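Trainee: I would like a close look at one part of this structure, with its surroundings. Could you pick a part and walk me through it?

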Amino acid sequence: MDMNLPKDPVLLLSIVNTELRDYYPSLDAFCEDRLVEKELIIRALKSIDYEYDSVKNRFV
């Protein structure tokens with residue numbers, strides 16, 4: 001995972017959702033720009049029962 005992203009899933013959730021809301025039209029765009037594997041983020045946030053909603057463009 002990107003060294004600038006936290007390993008703690010709750011902190012990761014906050015940062016990713018904020019970035020998606022403010023700067024990125026999709027999770028794919030976020031991952032491409034930040035050079036992170038999408039599956040790593042999905043897996044980390046699934047561990048705290050959050051899943052990506054592409055319509056809302058956020059983890060819910």
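**A close look at helix H2**

Mentor: Let's start at the end of the part I have picked: just after helix H2, Leu 35 takes a positive phi of about 60 degrees. Helices here are DSSP runs of H or I with at least four residues, strands are runs of E with at least two, and both are numbered from the N terminus. This is a predicted model, in which residues are numbered from 1 along each chain as its sequence is written, local features need pLDDT of at least 70, side-chain atom pairs count only at pLDDT 80 or more, and totals for chains, interfaces and linings use all residues. Side-chain values use heavy atoms, with hydrogens and water left out.

H2 itself covers residues 27-34. Its buried residues are Leu 27, Phe 30, Cys 31 and Arg 34; buried means under 20% relative accessible area, exposed means over 50%, and partly exposed is in between, with a 1.4 Å probe and protein chains only. These four span an arc of only 95 degrees around the axis, so they sit on the same side of H2; the arc is that of the directions from the helix axis to the C-beta atoms. An α-helix has 3.6 residues a turn, so residues three or four places apart point the same way. On the other side of H2, Glu 32 and Asp 33 are exposed.

What does the buried side of H2 pack against? Its partners are H1, H3, strand S1 (52-53) and strand S2 (58-59), where contact means heavy atoms within 4.5 Å.

Phe 30 is a good residue to follow inwards, as its relative accessibility is 0%. Phe 30 is among the residues with the most contacts inside the largest nonpolar core, together with Val 16, Ile 41 and Phe 59, and that core has 14 residues. Such a core is a set of buried Ala, Val, Leu, Ile, Met, Phe, Trp, Tyr and Cys residues joined through side-chain atoms within 4.5 Å. H1, H2 and H3 are the elements that give two or more residues to this core, and H1 gives the most, with four. In soluble globular proteins, nonpolar side chains tend to be buried together.

Phe 30 also brings us to the aromatic rings, where the count comes to two pairs. Rings of Phe, Tyr and Trp (its six-membered ring) pair if their centres lie within 6.5 Å, and the pair is stacked with planes under 30 degrees apart, edge-to-face over 60 and tilted for the rest. Tyr 24 and Phe 30 have ring centres 5.3 Å apart and planes at 85 degrees, so this pair is edge-to-face. Tyr 24 is buried as well, at 13% relative accessibility. The rings of Tyr 52 and Phe 59, with centres 5.4 Å apart and planes at 55 degrees, form a tilted pair. Tyr 52 is partly exposed at 26%, while Phe 59 is buried at 1%.

Phe 59 meets H2 directly: leaving out residues up to four places away in sequence, the residues that Phe 59 touches include Leu 27, along with Leu 13, Val 16, Ile 41 and Leu 45. Asn 17 is another residue on that list. Asn 17 is in helix H1 and buried at 11% relative accessibility. Its side chain reaches the backbone nitrogen of Phe 59 at 2.7 Å.

Now back to H2 for its charged residues. A salt bridge is a side-chain nitrogen of Lys or Arg within 4 Å of a carboxyl oxygen of Asp or Glu, and the whole structure has four. In one of them, the side chains of Glu 19 and Arg 34 meet at 3.7 Å, N to O. Glu 19 belongs to H1 (residues 9-22) and Arg 34 to H2, so this pair ties together parts that are 15 residues apart in sequence. Both partners are buried: Glu 19 at 18% relative accessibility and Arg 34 also at 18%.

Another salt bridge joins Lys 38 and Asp 28, at 2.9 Å, N to O. This pair links distant parts of the chain, with Lys 38 in H3 (residues 38-46) and Asp 28 in H2, 10 residues apart. Here both ends are partly exposed, Lys 38 at 31% and Asp 28 at 46%. To sum up, H2 has salt bridges to H1 through Arg 34 and to H3 through Asp 28, and its buried residues lie on the same side.

Technical notes. A polar contact is a pair of N or O atoms within 3.5 Å; within protein, one must be able to donate a hydrogen and the other to accept it, and residues adjacent in sequence count only if both atoms are side-chain atoms.
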